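Work through the exercises below with the sequence and the model open. Each task is followed by a solution in steps.

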Amino acid sequence: MKFIFAFLALLSIALAQNCVRDDSNGQPQCNAEEMTQRFWRNNWDPTAYWDCETANTPATARRCPTEGMFDSATLTCINWSEWVWTETCKPPSML
C-alpha cells in the first residue's frame with residue numbers, strides 16, 4: 001500500500017513538471033501554431049470558450065448554452081454535471 005502511495009506521488013510530480021500553470025484568461029492569438037485547433041478554454045470562466053475562426057485575427061469569446069460548461073478534453077460544451085475541473089496549462093507554443 002505504501003508503494004502505491006509513493007508511486008502516485010512520484011507520478012503526480014512528473015506530470016506537474018510538464019504543465020506550466022497558465023493564470024491568464026487563455027485567449028489564444030489564433031496564429032498559425034494555434035490554428036491546429038479552433039476552440040480554446042477560457043481559463044477564467046468555465047461556461048465560456050475562445051473561438052479561432054480565422055488565422056491572425058483576435059479570438060472571439062463564445063458562451064456555452066444554458067447549464068453548459070466547456071470541456072477542454074473534447075473541445076465542446078457539456079452538461080455541468082459531467083464537467084470536471086482540469087489544471088490550466090500553457091500550450092506548448094506559449095512556453
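**Exercise 1. Determine what share of the chain is buried, and describe its make-up.**

Step 1. In this predicted model, buried residues account for 26% of the 95 residues in the chain.

Step 2. The secondary structure consists of one helix and five strands. Along the sequence they follow the pattern α-β-β-β-β-β.

Step 3. Take the contacts in the chain with a separation of 6 or more: 36% of them are between residues 24 or more positions apart.

**Exercise 2. Work out the strand order of the open sheet and find its edges.**

Step 1. The open sheet has three strands in the order S1-S2-S3, with antiparallel pairing.

Step 2. Strand S1 (39–41) and strand S3 (60–63) each have a single partner strand, so they stand at the edges and one side of each lacks a neighbour in the sheet.

Step 3. On average, neighbouring strands of this sheet are turned by 40 degrees against each other, direction ignored.

Step 4. For the pairing of S1 with strand S2 (residues 48–51), count three bridges in the antiparallel sense. Within this pairing, Arg 41 has Tyr 49 in S2 as its bridge partner.

**Exercise 3. Describe the hairpin formed by S4 and S5.**

Step 1. Strand S4 (residues 68–71) and strand S5 (residues 76–79) run antiparallel and are joined by four bridges.

Step 2. As one register point, Phe 70 stands opposite Cys 77 in S5.

Step 3. Four residues lie between S4 and S5 in the hairpin. Leu 75, in the turn, has a positive phi of about 60 degrees.

**Exercise 4. Characterise the surroundings of Arg 41. Which side chain of opposite charge is nearest, and how far away is it?**

Step 1. Arg 41 is located in strand S1 and is buried.

Step 2. The nearest side chain of opposite charge is Asp 71, 8.1 Å away. A salt bridge requires a side-chain nitrogen of Lys or Arg within 4 Å of a carboxyl oxygen of Asp or Glu. Arg 41 has no salt bridge.

Step 3. Look next for a backbone partner: the Arg 41 side chain reaches the backbone oxygen of Thr 86 at 2.8 Å.

Step 4. Leave out residues up to four places away in sequence and list what Arg 41 touches: Asn 25, Gly 26, Trp 50, Phe 70, Ser 72, Trp 85, Thr 86, Glu 87 and Thr 88. Among them is Phe 70, the residue that stands opposite Cys 77.

Key
Residues are numbered from 1 along each chain as its sequence is written. This is a predicted model: local features need pLDDT of at least 70, side-chain atom pairs count only at pLDDT 80 or more; totals for chains, interfaces and linings use all residues. Side-chain values use heavy atoms; hydrogens and water are left out. Two strands pair if DSSP finds at least two bridges between them. Helices (H or I, at least four residues) and strands (E, at least two) are DSSP runs, numbered from the N terminus. Axes are lines fitted to C-alpha atoms, for helices over the stretch in contact, and angles run from 0 to 180 degrees between N-to-C directions. Buried means under 20% relative accessible area, exposed over 50%, partly exposed in between (1.4 Å probe, protein chains only). Lys and Arg count as positive and Asp and Glu as negative; His and the chain ends are not counted. A polar contact is a pair of N or O atoms within 3.5 Å; within protein, one must be able to donate a hydrogen and the other to accept it, and residues adjacent in sequence count only if both atoms are side-chain atoms. Contact means heavy atoms within 4.5 Å.
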